[in-house]
Amino acid sequence: MRTVTVLHDPDRRGFASDNYAGTHPEMLAALAEANGGHQQAYGADVYTAHLQTVMAGHFGEGTVTFPVFNGTGANVVGLQSLLPRWGGVVCAETAHINTDENGAPERMAGIKLMTVATPDGKLTPELVDLQAYGWGDEHRAQPLVVSITQTTEMGTLYSPEEIRALADHAHARGMALHMDGSRIANAAAALGLPLRAFTTDAGVDVLSFGGTKNGLVFGEAVVVLPGAAQHDAAATALPFLRKMSMQLPSKMRFVSAQLIALLEGDLWLRSAQHANTMAARLAEAVGGFDGVRITQQVYANAVFAILDRTVADQLRAQFKFYDWNQATGEVRWMCAFDTTEADVDAFAAALKELLARAGA
């Protein structure tokens, strides 16, 4: 029996965001299997308990995981767990917490963001030091956390060595290292490394673990990693901060069940590898076109390019995607776990035709 009227074309896909993708069928199956009967609410369920074991398998013993509703919530709650009220966060100017969360860190948590311009979305110890000063000055928010994104908003990638250098630099200054891992699976797939290799083993303290961009219906997690300098304090504070920040799901078993389905096997990696492969196929298909310039090396599932605005607008009528920098004509094309080779090839063919018309 049909319970909803289908209002969209389920075979139509674009390149605007991996958030546009539907839900992986295995996530829907996990939700159905976790349904039925009663389980204690607010995280006292068997799925959330088992999730702790699953996450420890990826990040190490001592990992503590707190499921939340969404990525903004994960970032805001995770950062709060590392900061006093007077604390500030050093981040790239392009960081999601600065550009796409509508001031949530400032408004919801009172966190001062201390931004640094970067050419590729990546921080370095030297760039951190542009904002990491003024300790003890009551007139300045105290820089106490460095926040990085893996992969970055520019589609670039930190190596484990680069993250370790940032962690050591931050820790030597009494700062913690937070990672926004909204696309952490894509990073692992691109690096060919296990998740802990560039998180726990590289000195990250608290991780915002992304699930929605990799096939979940909803749900992310704040993860306190083993070895974190503030491990016990953060783990103790997070239940309260999560509730205060309106990120405590009452039926948490359904977030946890999806994360288990994603991470207990290799679904997280298979889905990310596929999205990355489709982005590489897209970049290769259009990178040689006259009138298209790929602006960043393609590491994961994002392709950044500059092309004529008129051509971009005409192409957008067929395949949804976003401008990245309107001043330069730079656009962003994203691939997802459900992007097909046919989608990529059709996009490339349409762009080629439009470029030919524009040059005629």
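**Salt bridges, helix packing and burial in the predicted model**

At 41% relative accessibility, D201 counts as partly exposed, and the side chain of this aspartate meets that of R196 in a salt bridge with an N to O distance of 2.9 Å. R196 is likewise assigned to the partly exposed class, its relative accessible area being 30%. The structure described here is a predicted model, and every value reported below is computed from that model.

The pair R196 and D201 belongs to a wider set, as the structure holds 13 salt bridges. Side chains of opposite charge can pair when their charged atoms come close. A further example is provided by R13 and D343, for which the closest N and O atoms are 2.6 Å apart. Since R13 is located in the segment before α1 (25-34) whereas D343 belongs to helix α13, this pair ties together parts that are 330 residues apart in sequence. The two partners fall into separate accessibility classes: R13, with a relative accessibility of 27%, counts as partly exposed, while D343, at 12% and therefore under the 20% limit, counts as buried.

A salt bridge within a single helix is found between D313 and R316, whose closest N and O atoms lie 2.8 Å from each other. Both residues are part of helix α12, where they are three residues apart, a spacing of about one turn of the helix. D313 has a relative accessible area of 41% and is partly exposed, whereas R316, with a value of 18%, is buried. Elsewhere, E26, D266 and R270 are joined into one network by salt bridges that share partners.

Helix α12, which spans residues 309-316, also packs against helix α13, which spans residues 341-359; the axes of the two helices come within 10 Å and cross at roughly 140 degrees. Because an angle over 145 degrees would be needed for a roughly antiparallel assignment, α12 and α13 are classed as oblique to each other. The crossing in which α12 passes α13 is right-handed. On the side of α12 the contact involves V311, Q314 and L315, and on the side of α13 it involves F347, A350, L351, L354, L355 and A358. When the residues of this contact are divided by class, eight are nonpolar, one is polar and none is charged.

A second helix pair is formed by α8 and α11, the axes of which come within 8 Å and cross at roughly 75 degrees. This angle lies between 65 and 115 degrees, and the two helices are therefore roughly perpendicular to each other. The contact is made by A185, N186, A188, A189 and A190 of α8, together with W268, L269, A272, Q273, A275 and N276 of α11. In terms of residue class, the contact of α8 with α11 comprises eight nonpolar and three polar residues, with no charged residues.

The accessibility of α8 was examined alongside this packing. Helix α8 (residues 184-191) is mostly covered, with six of its eight residues buried, namely I184, A185, N186, A187, A188 and A189. These buried residues pack not against α11 (267-286) alone but also against the strands β5 (176-181) and β6 (206-209). Just after α8, a positive phi of about 70 degrees is adopted by G192.

Helix α10, covering residues 253-263, is also mostly covered, as 10 of its 11 residues are buried. The buried positions are R253, F254, V255, S256, A257, Q258, L259, I260, L262 and L263. The elements that cover them include the helices α1, α2 (46-59) and α11, as well as the strands β1 (64-68), β6 and β7 (220-224). Helix α11 and strand β6 thus appear among the elements packed against the buried residues of α8 and also among those that cover the buried residues of α10.

A more local arrangement concerns T72, which lies in helix α3 (residues 71-80) and is partly exposed, with a relative accessible area of 25%. When neighbours within four places in sequence are left aside, T72 is in contact with E101 and A104. T72 and E101 are 29 residues apart along the chain, and a distance of 6.3 Å separates their C-alpha atoms.

Note on methods: Residues numbered from 1 in each chain as written. Predicted model: local features only at pLDDT ≥ 70, side-chain atom pairs only at ≥ 80, totals over all residues. Heavy atoms only, no water. Axes fitted to C-alpha atoms, helices over the stretch in contact; angles between N-to-C directions. Helix = DSSP H or I, 4+ residues; strand = E, 2+ residues; numbered from the N terminus. Parallel < 35°, antiparallel > 145°, perpendicular 65-115°, else oblique. Left-handed = near helix turned anticlockwise from the far one by under 90°. Contact = heavy atoms within 4.5 Å. Nonpolar A, V, L, I, M, F, W, Y, C, P; charged D, E, K, R; others polar. Salt bridge = Lys/Arg side-chain N within 4 Å of Asp/Glu carboxyl O. Buried < 20%, exposed > 50% of the residue type's maximum accessible area, 1.4 Å probe, protein only.
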